[in-house]
Amino acid sequence: MPDDLRPNDSSAFWMPFTNNRAFKSQPRLLSRAKDMHYFTPEGRPVLDATAGLWCVNAGHSRPSIIEAIQRQATEAHYLPSFQLGHPLAFELAERLTEIMPRPLDRVFFTNSGSESVDTALKIALAYHRARGEGSRTRLIGRERGYHGVGFGGISVGGIGPNRKQYGPLLPGTDHIRSTQGNAPFTKGQPAAGADLADDLERLVALHGADTIAAVIVEPVAGSTGVLVPPVGYLERLREIATKHGILLIFDEVITGFGRLGAATAAAKFGVTPDLMCLAKGLTNAAVPMGAVVAGRHVYDAIVDNAAPGIELFHGYTYSAHPLACAAAMATLDLYEDESLFERAATLAPIWEAAVHSLKGARHVKDVRNLGLVAGIELEPRPDAPGARAGEIFRAAFDAGLLIRFTGDTLAMSPPLIISEDQIAEIADKLRSLLEATP
Ligand SMILES: Cc1ncc(COP(=O)(O)O)c(C=O)c1O
């Protein structure tokens with residue numbers, strides 16, 4: 001490694017979601033990325049099977065996005081959005097609504113998925129209060145759900161380790177059951193399990209609908225190991241939420257922007273939530289940005305019923321940051337010009353065949369997939385759950401392949417520009433790595 005790239009002391013950076021002690025004794029560094037590959041400081045290519053953290057949907061370091069950011073930075077690298085506005089923010093909001101299902105046509109900008117989730121939860125509470133139903137304060141999530149790391153997000157989230165260190169969290173939250181059934185090696189959506197949505201009725205019976213503000217789910221749960229909703233599940237959840245006046249929030253931080261072969265999971269499944277959380281692919285991860293897209297009815301209820309003055313006491317210094325807006329506009333252009341959502345839909349069956357070819361490979365207990373997402377669940381080692389997947393992740397990196405792991409599930413979500421040869425390369429490499437791992 002050249003000396004100018006070698007960190008002389010790695011102790012100051014407290015790394016997020018990382019085993020700091022293990023990492024710092026054996027660092028894995030990336031210094032450059034282009035299209036489908038990262039490059040280590042020594043110049044070794046690493047094929048990106050995860051689109052960064054599920055976010056670089058159009059591939060790495062795309063020139064048109066870089067140029068848009070550079071152009072904007074020379075005009076103004078910051079412009080505020082409280083009581084003032086800049087034209088690109090309005091243009092981007094309008095542009096985003098073009099790929100949203102109606103009635104989702106009001107956009108609140110944030111800077112991350114976690115902020116989008118907390119924003120959507122707050123909007124849901126404000127909506128009911130504005131309509132004179134202030135008793136609706138309960139927020140329902142789902143077991144194994146991941147909604148980022150804000151207090152709202154971890155409270156409705158259903159991943160134990162993300163919650164346990166932080167005390168009682170938000171009061172008045174509850175969780176419906178996870179969608180994970182028992183049909184290993186299902187291709188795409190499981191046929192059985194729509195009735196898991198009825199679990200929302202259980203919570204209505206338990207708490208009373210008049211105490212429940214919203215239910216939030218990832219249409220396809222990503223971070224917890226790729227859980228694909230059974231056929232009819234989201235439709236049923238929508239029905240039950242509507243019946244009881246509960247707002248339905250889709251956390252589309254991962255599923256938005258082509259991941260499932262459509263602009264959104266809402267479009268893919270034909271189920272429209274009241275609020276949608278976005279981030280990641282919105283700017284192709286070139287500049288941090290998130291958004292909540294609200295149904296017109298939600299916006300109108302809050303804005304029309306407000307006393308004169310500010311209608312929603314919420315916002316971020318960097319809401320609609322100009323560099324992020326420029327990156328997002330260029331990203332949306334790329335998605336359109338290169339038909340990347342359609343490309344993902346075309347590649348999905350090829351991806352499905354490749355990942356399911358690992359059925360029967362050593363240690364493989366289940367394969368789950370939809371669009372360009374796959375989870376490969378491994379038999380855990382009896383004495384060390386998660387250890388096998390962690391070892392494969394590290395061995396894959398050394399072999400020039402970046403995957404993710406959560407528990408004993410390997411997760412993949414490549415950039416939508418992936419080639420058929422690269423899909424085959426991923427499956428072949430994984431097969432060898434599984435074989436070589438005890
Ligand atoms: C479904 C979902 N929601 C929220 C988040 C949080 O996003 P961020 O890390 O940008 O705060 C993530 C991140 O992976 C996610 O997958």
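In this predicted model, four strands form an open sheet in the order 11-12-15-14, and the pairing is antiparallel. Strand 11 (364-370) and strand 14 (404-406) are the edge strands, each of which pairs on one side only. On average, neighbouring strands of this sheet are turned by 20° against each other, direction ignored. Strands of a sheet pair through backbone hydrogen bonds, either parallel or antiparallel.

## Strand 12 and its partners

Strand 12 takes part in two of the pairings described here. With strand 11, it is joined by six bridges, and the two strands run antiparallel. One pairing between them sets Arg368 against its bridge partner in strand 12, Gly375. The hairpin of strand 11 and strand 12 has two residues between the strands, and in this hairpin Gly371 takes a positive phi near 55°.

To strand 15 (residues 409-412), strand 12 (residues 373-378) is joined by four bridges, again in an antiparallel arrangement. Ala374 has Met412 as its bridge partner in strand 15, while the bridge partner of Glu377 in strand 15 is Thr409.

How many residues of strand 12 are buried? Six of its six residues are buried, and the strand is mostly covered. In a regular strand the side chains alternate between the two faces of the sheet. For strand 12, both faces are covered: one side carries Val373, Gly375 and Glu377, the other carries Ala374, Ile376 and Leu378, and all of these are buried.

Helix 13 (residues 340-356) lies across strand 11 and strand 12. The helix runs at about 175° to strand 11.

## Loop residues around helix 13 and elsewhere

Two residues other than glycine with a positive phi are found in loops that adjoin helix 13. Ser339 lies in the loop between helix 12 and helix 13, and its phi is near 45°. His363 is located in the loop between helix 13 and strand 11, with a phi near 75°.

The table below sets these residues beside two further loop residues, with the surroundings of each.

| Residue | Exposure | Other C-beta atoms within 10 Å |
|---|---|---|
| Ser339 | partly exposed | 13 C-beta atoms |
| His363 | partly exposed | 19 C-beta atoms |
| Phe313 | exposed | 8 C-beta atoms |
| Cys55 | buried | 23 C-beta atoms |

Why does Phe313 count as exposed? Phe313 has 8 other C-beta atoms within 10 Å, and a residue is exposed if 12 or fewer such atoms lie within that distance. Phe313 is in the loop between helix 11 and helix 12 (322-337). Phe313 and Val46 are 267 residues apart in sequence, and their C-alpha atoms are 45 Å apart in space.

Cys55 is buried because 23 other C-beta atoms lie within 10 Å, where 20 or more are required. Cys55 has its place in the loop between helix 2 (51-54) and helix 3 (63-75). Leaving aside residues up to four places away in sequence, Cys55 touches Lys280, Gly281 and Ala285. Cys55 and Val253 are 198 residues apart in sequence and 8.7 Å apart in space, C-alpha to C-alpha.

## Surroundings of the ligand

Val253 is also one of the closest residues to the ligand, together with Ser112, Gly113, Ser114 and Gly148. In total, 15 residues surround the ligand. By type, this shell divides into six nonpolar, seven polar and two charged residues.

Which helix gives the most to the shell around the ligand? Helix 5 (residues 113-130) does, with three residues.

## Helix 11 and strand 4

Helix 5 also belongs to the surroundings of helix 11. In helix 11 (residues 296-304), the residues Val298, Tyr299 and Ile302 are buried. Seen down the axis of helix 11, the buried residues fall within an arc of 95°, so they line one face of the helix. An α-helix has 3.6 residues a turn, so residues three or four places apart point the same way. The buried residues of helix 11 pack against strand 4 (104-110), helix 5, strand 9 (275-278) and strand 10 (290-295).

The loop between helix 4 (87-97) and strand 4 contains Pro103. A cis peptide bond joins Arg102 and Pro103, with omega at about 10°.

Methods
Residues are numbered from 1 along each chain as its sequence is written. This is a predicted model: local features need pLDDT of at least 70, side-chain atom pairs count only at pLDDT 80 or more; totals for chains, interfaces and linings use all residues. Two strands pair if DSSP finds at least two bridges between them. Axes are lines fitted to C-alpha atoms, for helices over the stretch in contact, and angles run from 0 to 180 degrees between N-to-C directions. Two residues are in contact if their C-beta atoms, placed from the backbone, lie within 7 Å. A residue is near a molecule or strand if its C-beta atom, placed from the backbone, lies within 6 Å of it. Ala, Val, Leu, Ile, Met, Phe, Trp, Tyr, Cys and Pro count as nonpolar, Asp, Glu, Lys and Arg as charged, and the others, Gly among them, as polar. The arc is that of the directions from the helix axis to the C-beta atoms.
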